[in-house]
Amino acid sequence: MTETHPTLRLWFMDWHGGMLDHDPLKDAPTSTPFQPGRLPGLCAIVPTAFQFPCRPFMEKRVSMPRAFPEMEMQELPHNRVAFFLPRHKTYLISVPFGSGLVDYYSPAQKEWETFLPLTLEMLRGLSLLVTPDTLKLEDDTGEDLPTPTLHEQMTLRFGERNLPLFLNTDALTRIGQIMPGTTASIDLTWQIDSAPAPLAVHRQTAPTPEPATL
């Protein structure tokens, strides 16, 4: 009997707040805006207990014949990654111009070559956060926070406050696990090297869109 090992699916946000996706018409990777309740058409499958660097298996939701080049997922600070192509000594890059160009041949790793891995649970939490009338958010001063919007540098903007998602991956997971009609205290980290601050998160009882499993 062949032994099988548990695997994990990861989806990726680019530096601009878009999601790494797949264009079935061109059979090529692309970047699309984040949509609550929708899983992007491209993900990576890795072992559950993987270590960096890691060779991910890239999976398209719509099966198409063009193969992905061999890529190595490299670890970056604060939960982020880069995709390195050993054969060409280049990096995957997401360019914000045009219709979400994703290219394999960037010569160096900088901001546009940076990606944030997100699990299904993290995507569920992000969907809940950006969907109006889904969550009631109250900070440690008792102030209600508005429904945030997604912006570049992988941040959520609550009015004039920016929340880096890459500092709050555990919080996204916990928010995605809150049951309708219940409240949880979630610690958020607003800046690098700052102490987490508690946020009371109440999930409303009305149905909301959530990503479904593939």
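The legends below describe close-up views of a predicted model.

**View 1. Aromatic pair of Phe50 and Phe52.** The structure holds six aromatic pairs. In the pair shown, the rings of Phe50 and Phe52 are arranged edge-to-face, with a centre-to-centre distance of 5.2 Å and an angle of 85° between the planes. Phe50 is partly exposed, with a relative accessibility of 24%. Phe52 is also partly exposed, and its relative accessible area is 31%.

**View 2. Aromatic pair of Tyr104 and Tyr105.** The ring centres of Tyr104 and Tyr105 lie 6.2 Å apart. Their planes meet at 70°, so this pair counts as edge-to-face; the cut-off for that label is an angle over 60 degrees. Tyr104 is buried, at 15% relative accessibility, whereas Tyr105 is partly exposed, at 48%.

**View 3. Aromatic cluster of Phe12, Phe83 and Phe115.** The three phenylalanines Phe12, Phe83 and Phe115 belong to one aromatic cluster. Phe83 falls within strand E7, which spans residues 80-85. Phe115 is among the residues that Arg80 touches, and Arg80 is the subject of the next view.

**View 4. Surroundings of Arg80 in strand E7.** Arg80 lies over the face of Phe166, 3.9 Å from the ring centre. The side chain of Arg80 also reaches the backbone oxygen of Pro77, at 3.2 Å. Arg80 is buried but has no salt bridge. The nearest side chain of opposite charge belongs to Glu111, 8.3 Å away, and the cut-off for a salt bridge is 4 Å. Leaving out residues up to four places away in sequence, Arg80 touches Trp15, Gln74, Glu75, Thr114, Phe115, Leu116, Pro117, Met154 and Phe166.

**View 5. Arg161 over the ring of Trp190.** The charged end of Arg161 is placed over the Trp190 ring, at 3.9 Å from its centre.

**View 6. Salt bridge between Glu59 and Arg9.** The structure holds eight salt bridges. In the one shown here, the closest N and O atoms of Glu59 and Arg9 are 2.9 Å apart. This pair links distant parts of the chain, 50 residues apart. Glu59 is in strand E5 (residues 57-60), and Arg9 is in strand E1 (residues 7-14). Glu59 is partly exposed at 21% relative accessibility. Arg9 is partly exposed at 33%.

**View 7. Salt bridge between Asp21 and Arg38.** The closest N and O atoms of Asp21 and Arg38 are 3.1 Å apart. Asp21 belongs to strand E2 (residues 18-23), and Arg38 to the loop between strand E3 (28-33) and strand E4 (42-47), so the salt bridge ties together parts 17 residues apart in sequence. Asp21 is buried, with a relative accessible area of 1%. Arg38 counts as partly exposed, at 29% relative accessibility.

**View 8. Salt-bridge network of Arg55, Glu70 and Glu72.** A network of salt bridges links Arg55, Glu70 and Glu72. Within it, the side chains of Glu70 and Arg55 meet at an N to O distance of 2.0 Å. Glu70 is in the loop between E5 and strand E6 (72-76), while Arg55 is in the loop between E4 and E5, so their salt bridge joins parts 15 residues apart in sequence. Arg55 is partly exposed, with a relative accessible area of 46%.

**View 9. Helix H2 and the elements covering it.** Helix H2 (residues 169-176) is mostly covered, with six of its eight residues buried. These buried residues are Thr169, Ala171, Leu172, Thr173, Ile175 and Gly176. The elements that cover them include strand E10 (115-118), helix H1 (120-130), strand E11 (135-139) and strand E16 (183-188).

**View 10. Surroundings of Leu135 in strand E11.** Leu135 is buried, at 12% relative accessibility. Neighbours within four places in sequence aside, Leu135 is in contact with Leu128, Leu129, Ile175, Val201, His202, Arg203 and Gln204. Of these, Ile175 is one of the buried residues of H2. Leu135 and Met154 are 19 residues apart along the chain, and their C-alpha atoms are separated by 20 Å.

Terms used
Residues are numbered from 1 along each chain as its sequence is written. This is a predicted model: local features need pLDDT of at least 70, side-chain atom pairs count only at pLDDT 80 or more; totals for chains, interfaces and linings use all residues. Side-chain values use heavy atoms; hydrogens and water are left out. Rings of Phe, Tyr and Trp (its six-membered ring) pair if their centres lie within 6.5 Å; planes under 30 degrees apart count as stacked, over 60 as edge-to-face and the rest as tilted. Buried means under 20% relative accessible area, exposed over 50%, partly exposed in between (1.4 Å probe, protein chains only). A charge sits over a ring if NZ of Lys or CZ of Arg is within 6 Å of the ring centre and within 35 degrees of the ring normal. Helices (H or I, at least four residues) and strands (E, at least two) are DSSP runs, numbered from the N terminus. Lys and Arg count as positive and Asp and Glu as negative; His and the chain ends are not counted. A polar contact is a pair of N or O atoms within 3.5 Å; within protein, one must be able to donate a hydrogen and the other to accept it, and residues adjacent in sequence count only if both atoms are side-chain atoms. Contact means heavy atoms within 4.5 Å.
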